[in-house]
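Ready for a walk through a protein chain? Keep your viewer open, and at each stop select what is named before you read on.

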Amino acid sequence: GCLAILSIVGVRLVCVDAGGEDEATAAVLAEFEIARVLKVTAKKHAADVLIFYFHDGTPTPAERDAGGGQRPQQQPPEPSMVL
């Protein structure tokens, strides 16, 4: 693992490397639109680990065929990012 800072910047969720020696710059590890976040969870035995789930930006054919914005019964999404 690495030290990271998670920050909300405008409408974006940004994760940057916090362990670098150069304080003037930081490497961006991930950047996502907040509207895409479906849920965030933590493990019971590792509360410092966050698991992010995101909405997929493109609807599946089944979702398009369902119409009216309804989502068909499906499995929960796989984690998209683990910090």
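**Stop 1: a hairpin to begin with**

Select Lys 43 and Ala 46: Lys 43 stands opposite Ala 46, which belongs to strand E5. You are looking at a predicted model, so keep that in mind throughout the tour. Now extend your selection to residues 37-43, which make up strand E4. Add residues 46-54, and you have strand E5 as well. E4 and E5 run in the antiparallel sense and pair over six bridges. Together they form a hairpin, and two residues lie between the two strands.

What holds strands side by side in a sheet? Strands of a sheet pair through backbone hydrogen bonds, and the pairing can be parallel or antiparallel.

While you are in E4, click on Leu 38, which has its place in this strand. Is Leu 38 buried, partly exposed or exposed? Its relative accessibility is 40%, so Leu 38 counts as partly exposed. Next, draw a distance line from the C-alpha atom of Leu 38 to that of Phe 54: the separation is 4.8 Å, although the two residues are 16 apart along the chain.

**Stop 2: zoom out**

Show the whole protein chain as a cartoon. How many helices and strands does the protein chain have? The secondary structure comes to one helix and six strands. Follow the chain along its sequence, and the pattern reads β-β-β-β-β-α-β.

Now switch on the surface. The protein chain exposes about 6,500 Å², and carbon and sulfur atoms supply 54% of that area. Of its 83 residues, 14% count as buried. There is also something to say about contacts: among those in the protein chain with a separation of 6 or more, 30% are between residues 24 or more positions apart.

**Stop 3: the three-stranded sheet**

Hide the surface and select residues 4-9, which are strand E1. Add residues 12-17 for strand E2 and residues 28-33 for strand E3. These three strands form an open sheet in the order E1-E2-E3, with antiparallel pairing. Which strands stand at the edges? They are E1 and E3: each has a single partner strand, so one side of each is left without a neighbour in the sheet. Tilt the view to look for the twist, which averages 15 degrees from one strand to the next.

Stay with E1 and E2, which pair over six bridges in the antiparallel sense. Click on Ser 7, and opposite you will find Val 14 of E2. Then try Ile 8, whose bridge partner in E2 is Leu 13. In a regular strand, side chains alternate between the two faces of the sheet.

These two strands also make a hairpin, with two residues between them. Select Gly 10 in this hairpin: its phi is positive, near 65 degrees.

**Stop 4: inside the core**

Show the side chains of Leu 13, Cys 15, Ala 30, Phe 32, Phe 52 and Phe 54. These six residues make up the largest nonpolar core. Which strands each supply at least two residues of this core? They are E2, E3 and E5.

**Stop 5: a network of charges**

For the last stop, select Arg 12, Glu 31 and Glu 33, which are linked in a network of salt bridges. How many salt bridges does the count come to? The total is two.

Begin with Glu 31 and Arg 12, whose side chains meet in a salt bridge at 3.0 Å, N to O. This pair links distant parts of the chain, since Glu 31 is in E3 and Arg 12 is in E2, 19 residues apart.

Now turn to Glu 33, which forms a salt bridge with Arg 12 in which the closest N and O atoms are 3.8 Å apart. Glu 33 lies in E3 and Arg 12 in E2, so this pair ties together parts that are 21 residues apart in sequence.

How open to the outside are these side-chain partners? Arg 12 is partly exposed at 27% relative accessibility. Glu 31 is partly exposed too, with a relative accessible area of 41%, and Glu 33 is partly exposed at 41%.

Finally, look around Glu 33 once more. Leaving aside its neighbours within four places in sequence, Glu 33 is in contact with Val 11 and Arg 12. Its C-alpha atom is separated by 9.4 Å from that of Phe 54, a residue 21 places away along the chain.

How values were computed
Residues numbered from 1 in each chain as written. Predicted model: local features only at pLDDT ≥ 70, side-chain atom pairs only at ≥ 80, totals over all residues. Heavy atoms only, no water. Salt bridge = Lys/Arg side-chain N within 4 Å of Asp/Glu carboxyl O. Helix = DSSP H or I, 4+ residues; strand = E, 2+ residues; numbered from the N terminus. Buried < 20%, exposed > 50% of the residue type's maximum accessible area, 1.4 Å probe, protein only. Contact = heavy atoms within 4.5 Å. Areas by Shrake-Rupley, 256 points an atom, 1.4 Å probe, with all protein chains shown as cover. Core = buried A, V, L, I, M, F, W, Y, C linked by side-chain atoms within 4.5 Å. Pairing = 2+ DSSP bridges. Axes fitted to C-alpha atoms, helices over the stretch in contact; angles between N-to-C directions.
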